[in-house]
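Here is the note on the model that we agreed to go through together. The points below are meant to be read with the structure open.

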Amino acid sequence: MSLAERLAASTLQLVDVASVSRDEGTLLDLLQERLASGPGLVLEDGGDAVRLFLPGARRPDVPLVVFAGHADTVPVGGAAFPGRREDDAVVGRGAADMKGGLSVLLALAEAGASSPSMDLGYLVFGREELPIAESALLPLLERCPALRDTALAIVLEPTSNAIEAGCNGNLTARVTVDGVAAHAARPWLGDNAIATALDVLATLTRHPIRDTEIEGLVFREVVSVTTIEGGSVPNVVPDRVTATVNLRYAPDRSPEAAEGVLRGLLGADPRVRLEILGNAPPGPVHLSNPLVRRLRAAGDLTVGPKQAWTPVAEFAMAGVDAVNFGPGDPRYAHRDEERVDVAALVRAHGVLTAFLAETGGN
């Protein structure tokens with residue numbers, strides 16, 4: 001069987017194992033079984049929703065590189081499950097984000113991929129698609145000193161086989177606007193929460209996109225109102241409106257600064273309350289890391305910013321440099337027609353194989 005067919009079959013096998021966040025245990029067990037067959041690999045940590053395999057014998061004079069990816073997906077919709085082959089692609093939930101990347105990771109591990117100038121580890125984990133408060137990766141980084149010694153983590157997120165460095169922060173908040181209920185025939189006796197909310201939320205939606213350049217990469221800071229709810233019956237002026245707001249902020253801001261931006265946009269109206277639901281920090285850019293330069297050269301890869309949030313931020317919180325590189329096309333992530341091209345799987349495998357074979361300086 002050709003490499004292309006092996007990677008396609010592996011991806012389809014993974015897609016056909018449902019692994020919605022919090023219910024990814026079956027897939028993690030399958031991944032563990034396959035990784036355990038990798039020559040020289042030892043299960044370092046198989047705790048809560050993680051499977052970390054490291055070399056059984058580390059070489060003290062070479063860096064550790066870890067290939068990493070999440071096993072969970074967003075919920076299934078439409079015809080996204082089970083998977084199927086369609087022309088030259090694998091289609092189904094998680095094909096792009098990121099079971100195609102996992103199939104490349106598994107192919108390297110099972111073949112006993114090695115490098116004269118680095119040791120290789122493999123990490124798969126769950127609950128990535130959930131708020132950072134439910135992270136399975138952060139507790140692993142806290143309890144596993146060997147993982148914190150990683151010189152570079154390559155997260156096989158969907159990047160269309162480009163390097164995407166850093167990532168935006170992801171702040172989600174609930175905005176509540178209070179009013180006073182009244183009969184719709186006498187609205188002046190109340191305070192219409194919807195009317196106030198329209199003004200408040202319009203300020204957010206009109207907030208201009210902020211472009212920030214970091215190491216030549218332009219990150220875009222954007223604010224979106226993603227849900228809104230208010231009112232109950234047609235003849236009552238509502239006394240409350242709630243909305244969910246999402247702020248994607250560039251790596252030059254801290255989580256605290258991002259919260260300050262949102263509070264500033266909302267103003268000081270006592271009728272408006274802000275509750276932070278989650279605030280995942282941004283990931284820094286690590287283009288100067290010699291191993292990142294080596295990866296870039298291995299495939300003559302383009303480099304761009306990661307507009308979305310990814311686990312590179314969690315690695316950064318533990319002092320570990322990380323970049324995103326994977327075969328999936330981010331345009332298909334989370335969509336019902338989610339897919340990954342077989343040619344992209346082969347390309348990713350080839351780039352990483354060349355990266356390992358390169359004997360140039362680290």
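How many strands form the open sheet in the order 4-5-18?

1. Three strands form this open sheet, and their pairing is antiparallel throughout the order 4-5-18. Please bear in mind from the outset that the model is predicted. The edges of the sheet are strand 4 (84-86) and strand 18 (339-341), each of which pairs on one side only, and the twist from one strand to the next averages 25°.

2. Within this sheet, strand 5 (residues 89-91) and strand 18 run antiparallel and are joined by three bridges. If you wish to find the register on screen, a convenient place to start is Ala89, which stands opposite Asp341 in strand 18.

3. Two helices should be viewed together with this sheet. Helix 10 packs on it and touches strand 4, strand 5 and strand 18, its direction making about 60° with that of strand 18. Helix 3, for its part, lies across strand 5 and strand 18, and runs at about 45° to strand 18.

4. The other sheet to look at is an open one of five strands, in the order 11-12-14-9-15, again with antiparallel pairing. Strand 11 (210-214) and strand 15 (272-280) are the edge strands, each pairing on one side only, and neighbouring strands are turned against each other by 20° on average, when direction is ignored.

5. Helix 7 (residues 255-266) packs on this five-stranded sheet, where it touches strand 9, strand 12, strand 14 and strand 15, and the direction of the helix makes about 155° with that of strand 15.

6. Strand 14 (residues 240-249) deserves a closer look, as the strand is mostly covered, with seven of its ten residues buried. Strand 9 (residues 169-178) runs antiparallel to strand 14 and is joined to it by ten bridges, and here Val177 stands opposite Val241 of strand 14. Strand 12 (residues 217-230) is also antiparallel to strand 14, with eight bridges between the two, and Ser224 has Asn246 in strand 14 as its bridge partner.

7. Strand 12 is paired with strand 11 as well: the two run antiparallel and are joined by five bridges, and Arg210 stands opposite Glu221 in strand 12.

8. Which residues have the most contacts inside the largest nonpolar core? They are Phe67, Leu123, Ile154, Leu295 and Phe315, in a core that has 81 residues. Helix 3 (residues 95-110) gives the most to this core, contributing nine residues. A second, separate core has 22 residues, among them Val241, Val245, Val261 and Val272. As general background, nonpolar side chains in soluble globular proteins tend to be buried together.

9. To see the surroundings of one of these core residues, one may take Phe67 and set aside its neighbours within four places in sequence; the contacts of Phe67 then include Leu105, Leu108, Leu120, Leu123, Ile154, Leu352 and Leu356.

10. How do helix 8 (residues 290-299) and helix 10 (residues 342-357) meet, and at roughly what angle do their axes cross? The axes come within 8 Å and cross at roughly 125°, and the two helices are therefore oblique to each other. Helix 8 passes helix 10 in a right-handed crossing. The contact is made by Leu291, Arg294, Leu295, Ala298 and Gly299 on the side of helix 8, and by Arg347, Val351, Leu352, Ala354, Phe355 and Leu356 on the side of helix 10.

11. Helix 6 (residues 193-205) and helix 7 pack at an angle of about 135°, with their axes 9 Å apart, and this pair of helices is therefore also described as oblique. The crossing of helix 6 and helix 7 is right-handed, and Val200, Thr203 and Leu204 in helix 6 meet Leu262, Leu265 and Leu266 in helix 7.

12. Is Ala202, at 19% relative accessibility, to be counted as buried or exposed? Ala202, which is found in helix 6, counts as buried because its relative accessibility of 19% lies under the 20% cut-off. The C-alpha atoms of Ala202 and Ala344 are separated by 41 Å, and these two residues are 142 residues apart along the chain.

Terms used:
Residues are numbered from 1 along each chain as its sequence is written. This is a predicted model: local features need pLDDT of at least 70, side-chain atom pairs count only at pLDDT 80 or more; totals for chains, interfaces and linings use all residues. Side-chain values use heavy atoms; hydrogens and water are left out. Buried means under 20% relative accessible area, exposed over 50%, partly exposed in between (1.4 Å probe, protein chains only). Helices (H or I, at least four residues) and strands (E, at least two) are DSSP runs, numbered from the N terminus. Two strands pair if DSSP finds at least two bridges between them. A nonpolar core is a set of buried Ala, Val, Leu, Ile, Met, Phe, Trp, Tyr and Cys residues joined through side-chain atoms within 4.5 Å. Contact means heavy atoms within 4.5 Å. Axes are lines fitted to C-alpha atoms, for helices over the stretch in contact, and angles run from 0 to 180 degrees between N-to-C directions. Angles under 35 degrees count as roughly parallel, over 145 as roughly antiparallel, 65 to 115 as roughly perpendicular and the rest as oblique. A crossing is left-handed if the near helix is turned anticlockwise from the far one by less than a right angle, and right-handed if clockwise.
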